[in-house]
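Here is a quick tour of a model for anyone who likes to see the geometry spelled out. Have the viewer open and follow along.

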Amino acid sequence: MRNATSAQRLDRATKKTHKIHAFSYFSPMNKETSFADFLKGENSIQLNSVLEAIADATAAIHQKVAYAGLNDSTGTAGSTNVQGEEVQKLDLIANDIIVAHLQKTAGCAAVVSEETDGVLPLDNDGEYVVAVDPLDGSSNIDIAAPIGTIFAIWKRTTTGTANDKDFMQKGNAVAAAGYVLFGSSTILVLSTGKGTNGFTLDASGKYQLSHPAISIKKEGKIYSVNQGNASKFDEGLQSFIAWCTQTDKATSRPYSLRYIGSMVGDLHRTLLKGGIFFYPANKGETKGKLRLLYECIPMAYLVTQAGGAASDGNQSILDLQPTEIHERTAIFIGSENTVNTCLKFLKTEVLA
Ligand code: AHM
Ligand code: MG
């Protein structure tokens, strides 16, 4: 074609090279379903307004995360949280943004955050309480690796000023739970009890449905654990890790080990690709590292709604009765069959 522009010539050459016929980088998208449209008519007005406040807050956190290196927002804040852990500047920035958005929302009676000591009461007329880890995976902040916000929402059980009692509810009673992954894309994954759906943040700062009806594989080929701690694990778990690394064609072993060190990143991969993520208790310790209310329950809810499983080693994470707002639990979560295999090893302590 004599009059072809250089762009058309490049396009033809690219298609020839890659045998691509229909794809164009600039093809118009199908009509998108916005987060707000998705929520309409599905839940109570108050729950939707809490969910939209969290979505807006995380869109604002996305900006802080993306440009942290330019805004003096990396590094430690010079303080420790109620759990004695070093706090990063972005942990506090994210916490302030979430709390400010929930404060402006009719519907949120109180917040429990990883970054604050006790329950923070907000609107006494609000019907919902929110437990949140504003920025999980703190050790990844300064290296621009995946981090995320995790949250669970319950209908409150008291009247007047909300208190600890409103948060002592099992995962099975959750009204909604989700996380936002700040990775190469910013993705909000949500469940309100009717499956698990993912929404990608667009250039205008709005979430659009991108991962409808997420379904986790029954069996996975990836295991995810801080294997550096393996010598502190129970023998059964050490056997499971050894089993994952053995060669066996019939069960597609060895499995791949993937560990980002950020629960949101590791769980997002587990949801989409299958496998197991676990953060166990160590020998002599009854609890693991991860927090029940704002890390394990939300993830267990999302994975269970997607067809997977989550256990503390003895029972479903969603059946655990919380007794304290910052309590921790061991967790084994992911593809149902893979989790069950791991639990068998854990219980029998038989060497592979
Ligand atoms: P954080 O809330 O202080 O960021 O800690 C939670 C994180 C999880 O995202 C991750 O799964 C885990 O800690 C990693 O811990 P470790 O570095 O011990 O493997
Ligand atoms: Mg955390």
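Right after α6 comes Gly274, with a positive phi near 85 degrees. Helices and strands here are DSSP runs (H or I of at least four residues for helices, E of at least two for strands), numbered from the N terminus. Helix α6 itself covers residues 263-273, and nine of its 11 residues are buried. "Buried" means 20 or more other C-beta atoms within 10 Å of the residue's own, "exposed" means 12 or fewer, and "partly exposed" is in between, with C-beta atoms placed from the backbone. The buried set in α6 is Met263, Val264, Gly265, Asp266, Leu267, His268, Arg269, Thr270 and Leu271.

A word on provenance: this is a predicted model, where local features need pLDDT of at least 70, side-chain atom pairs count only at pLDDT 80 or more, and totals for chains, interfaces and linings use all residues. Residues are numbered from 1 along each chain as its sequence is written, while chains are lettered from A and ligands numbered from 1 in the order in which they are written.

**More helices**

Helix α7 (residues 292-305) goes under cover too, with 14 of its 14 residues buried. Just after α7 sits Gly307, and its phi is positive at about 100 degrees. Helix α4 has 15 residues, 89-103, and runs 21 Å from first C-alpha to last, close to the expected 21 Å at 1.5 Å a residue; that expected span is 1.5 Å times one less than the number of residues. Its buried residues are Leu90, Asp91, Ile93, Ala94, Asn95, Ile97, Ile98, Val99, His101 and Leu102. An α-helix has 3.6 residues a turn, so residues three or four places apart point the same way.

**The whole chain**

Overall, the protein has eight helices and 15 strands. Its radius of gyration is 22 Å, close to the 20 Å from the globule rule for 352 residues, so it is as compact as a globular protein of that length. The radius is taken over C-alpha atoms, and the rule is 2.2 Å times the number of residues to the power 0.38. The C-alpha trace spans about 75 × 55 × 40 Å along its principal axes, and 47% of the 352 residues are buried. Of the contacts between residues at least 6 apart in sequence, 64% join residues at least 24 apart; a contact needs C-beta atoms, placed from the backbone, within 7 Å.

**Two domains and a ligand**

How is the protein divided? There is domain 1 (35-211) and domain 2 (222-351), with bounds from an automatic or database domain assignment. Their C-alpha centres lie 23 Å apart. Across the boundary, 37 residues of domain 1 are in contact with 28 residues of domain 2. On the domain 1 side, β5 (128-136), β6 (147-155), β7 (176-182) and β8 (186-191) each supply at least two residues, and β6 gives the largest share, five residues. That side divides into 18 nonpolar, 14 polar and five charged residues. For these classes, Ala, Val, Leu, Ile, Met, Phe, Trp, Tyr, Cys and Pro are nonpolar, Asp, Glu, Lys and Arg are charged, and the others, Gly among them, are polar.

Ligand 1 is surrounded by 13 residues, the closest being Gly137, Ser138, Asn226, Ser262 and Met263; to be near it, a residue needs its C-beta atom, placed from the backbone, within 6 Å. Domain 1 and domain 2 each give at least three residues to this shell. By class, the shell has two nonpolar, six polar and five charged residues.

**Two buried spots**

Ala110 belongs to strand β3 (residues 108-113) and is buried, with 25 other C-beta atoms within 10 Å. Leaving out residues up to four places away in sequence, Ala110 touches Val119, Leu120, Pro121, Leu122, Val129, Ala162 and Asp166. Gly313, in the loop between β14 (309-311) and β15 (331-334), is buried with 20 such neighbours within 10 Å.

**Backbone oddities**

Most residues other than glycine have a negative phi, and most peptide bonds are trans. Here are two residues with positive phi.

| Residue | Phi | Loop |
|---|---|---|
| Asp72 | near 55 degrees | between α3 (45-66) and β1 (76-80) |
| Ala213 | about 45 degrees | between β10 (207-211) and β11 (222-224) |

Asp72 is exposed, with 8 other C-beta atoms within 10 Å, and Ala213 counts as exposed with 12. Finally, a cis peptide bond joins Arg253 and Pro254, with omega about 10 degrees.
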